[in-house]
Amino acid sequence: MAISKKQGVAVGVGVVAVAAIVGGVIAAVNLNRPAEAEAAAAPAPTTANVTTDDIHWVHLDEPVAEAVAALEASGFTPVEEGKLTVAHSAYLPPLGYIPEGETEAAGTEPNIGSLVAEALGLEYNPVVVAWADWPLGIQSGKYDLITSNVTVTEERKELYDFASYREDLLGFYVKADSDIDTIEEAADISGLKIVVGSGTNQEQVLLAWNAELEAAGEAPAELQYYDDNAAAVLALQSGRVDATFGPNATSAWSARETGDTKLVGVVPGGWPLTANIAAATAKGNGLIEPVSIALNAIIEGGQYDEVLETWGLETERIEKSEINPPGLPKS
């Protein structure tokens, strides 16, 4: 079931995202960094209101017996007895943010964390942390779990256990009334002007596709770099550029809230490899199997889909949670 709450959204601004007033509506484009890198660079959240009619918290009616049994058998001891202490970074919707007038984080990542706690029969105990602080906090046992847009990597798997719950995607977005319907491969970007962040995974995708186009004698895309995200938004709305390419989650939220843009294609965040977003806990502490059971229960029960639909992230859905899936290779 879901609990609906009308409220404003407190959005982290600065390098994370910029909301610009364009034609009387608010539009946000996140261009410079992958979402987790954005969080690492972000200052403490400041307030900018992006109104939304209904924000839902999805809940379970009762714990999941299999997950509870697995937790009891695991030998895992929570930081606080009877509670699951879950770390979250809170900078921007839909991933995590502090609603206006509230103190606890909301968004996809907090709701996933709360559902895991409920499935395990534990009280949900959220803690908002800076991105840079979670690794040591998880390793030291200060936090039991983190659900905060963490991408699985082979390097991280040496220190943490993971249970996947979302696919990490990059998204191509165009104006809502654009004639562009699909961007899925190199041929689709030929001759387009595309806004992309310098030094990002998405830039590497476009550079590789451009090389493919040039080798075939076709016109490459023209990559557009903007230091100011508000200027990039204006460029897209005015038609000076054709598309933006960046982290799908935040762009999906903007498209859902404003109606000014539409998704026309996605690419795995670790292109050409698939990247998974996962819950993480300290290596070998016994918690990850119960968490994976909990995640698969909410996937099968429909609560998972309800969370994704609430925040416009249906494209990032996975069929099944896996323990320690293949991660992005060490750089």
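These exercises with worked solutions concern a predicted model of a protein.

**Exercise 1. Overall make-up**

Task: State how many helices and strands the protein has, and what percentage of its residues is buried.

Solution. Step one is the secondary structure, which comes to nine helices and 15 strands. Step two is burial: of the 331 residues in the protein, 55% are buried. Step three turns to the surface, where the accessible area is about 13,700 Å² and carbon and sulfur atoms account for 49% of that area. Step four concerns contacts between residues at least 6 apart in sequence; 80% of these join residues at least 24 apart.

**Exercise 2. A salt bridge between a helix and a strand**

Task: Find the distance between the side chains of glutamate 109 and arginine 166, and decide whether each residue is buried or exposed.

Solution. Begin with the distance: the N to O separation of glutamate 109 and arginine 166 is 2.8 Å. A salt bridge requires a side-chain nitrogen of Lys or Arg within 4 Å of a carboxyl oxygen of Asp or Glu, so the pair qualifies. Next, place the two residues. Glutamate 109 belongs to helix α3 (residues 108-119) and arginine 166 to strand β10 (residues 160-175), so the bridge ties together parts that lie 57 residues apart in sequence. Then check accessibility, for which buried means under 20% relative accessible area. Glutamate 109 has a value of 2% and is therefore buried. Arginine 166 is likewise at 2% and counts as buried. Finally, look for further partners: Glu109, Arg166 and Glu316 are linked in a network of salt bridges.

**Exercise 3. Two other salt bridges**

Task: Give the N to O distances for the pair lysine 330 and glutamate 158 and for the pair glutamate 80 and lysine 83, and say what is known of their surroundings.

Solution. Take lysine 330 and glutamate 158 to begin with; their side chains meet in a salt bridge at 2.4 Å, N to O. Lysine 330 sits in the segment after α9 (303-310) and glutamate 158 in the loop between β9 (145-146) and β10, so this pair ties together parts 172 residues apart in sequence. Glutamate 158 is partly exposed, at 49% relative accessible area.

Now take glutamate 80 and lysine 83, whose salt bridge has an N to O distance of 3.3 Å. Glutamate 80 is partly exposed at 35% relative accessibility. Lysine 83 is also partly exposed, with a relative accessible area of 23%. The full count of salt bridges in the model is eleven.

**Exercise 4. The packing of α3 and α8**

Task: Describe how α3 packs with helix α8 (residues 288-301), and classify the residues of the contact.

Solution. Two packed helices are described by the angle between their axes and the distance between the axes. For α3 and α8 the angle is about 105°, and the axes are 9 Å apart. Angles of 65 to 115 degrees count as roughly perpendicular, so α3 is roughly perpendicular to α8. Next, list the residues that make the contact. From α3 these are Ile112, Leu115, Val116 and Ala119, and from α8 they are Val291, Ala294, Leu295 and Ile298. The classification then gives eight nonpolar residues, no polar and no charged.

An α-helix has 3.6 residues a turn, so residues three or four places apart point the same way.

**Exercise 5. Helix α6**

Task: Determine how many of the ten residues of helix α6 (residues 229-238) are buried, and which they are.

Solution. The count is seven of ten, so the helix is mostly covered. The buried residues are Asn229, Ala230, Ala232, Val233, Ala235, Leu236 and Gln237. Just after α6 comes glycine 239, with a positive phi of about 90°.

**Exercise 6. Backbone details**

Task: Locate the cis peptide bond before proline 94 and the one before proline 272, then examine the phi angles of asparagine 149 and asparagine 324.

Solution. Proline 93 and proline 94 are joined by a cis peptide bond with omega about 5°. Proline 94 lies in the loop between β6 (83-88) and β7 (98-99). Tryptophan 271 and proline 272 are joined by a cis peptide bond with omega about 5°, and proline 272 is in the loop between β14 (261-268) and β15 (275-282).

For the phi angles, asparagine 149 has a positive value of about 60°, although it is not a glycine. Asparagine 149 is placed in the loop between β9 and β10 and is buried, at 8% relative accessible area. Asparagine 324, also not a glycine, has a positive phi of about 45°. Asparagine 324 is in the segment after α9 and counts as partly exposed, at 22%.

Note on methods
Residues numbered from 1 in each chain as written. Predicted model: local features only at pLDDT ≥ 70, side-chain atom pairs only at ≥ 80, totals over all residues. Heavy atoms only, no water. Buried < 20%, exposed > 50% of the residue type's maximum accessible area, 1.4 Å probe, protein only. Helix = DSSP H or I, 4+ residues; strand = E, 2+ residues; numbered from the N terminus. Axes fitted to C-alpha atoms, helices over the stretch in contact; angles between N-to-C directions. Parallel < 35°, antiparallel > 145°, perpendicular 65-115°, else oblique. Contact = heavy atoms within 4.5 Å. Nonpolar A, V, L, I, M, F, W, Y, C, P; charged D, E, K, R; others polar. Areas by Shrake-Rupley, 256 points an atom, 1.4 Å probe, with all protein chains shown as cover.
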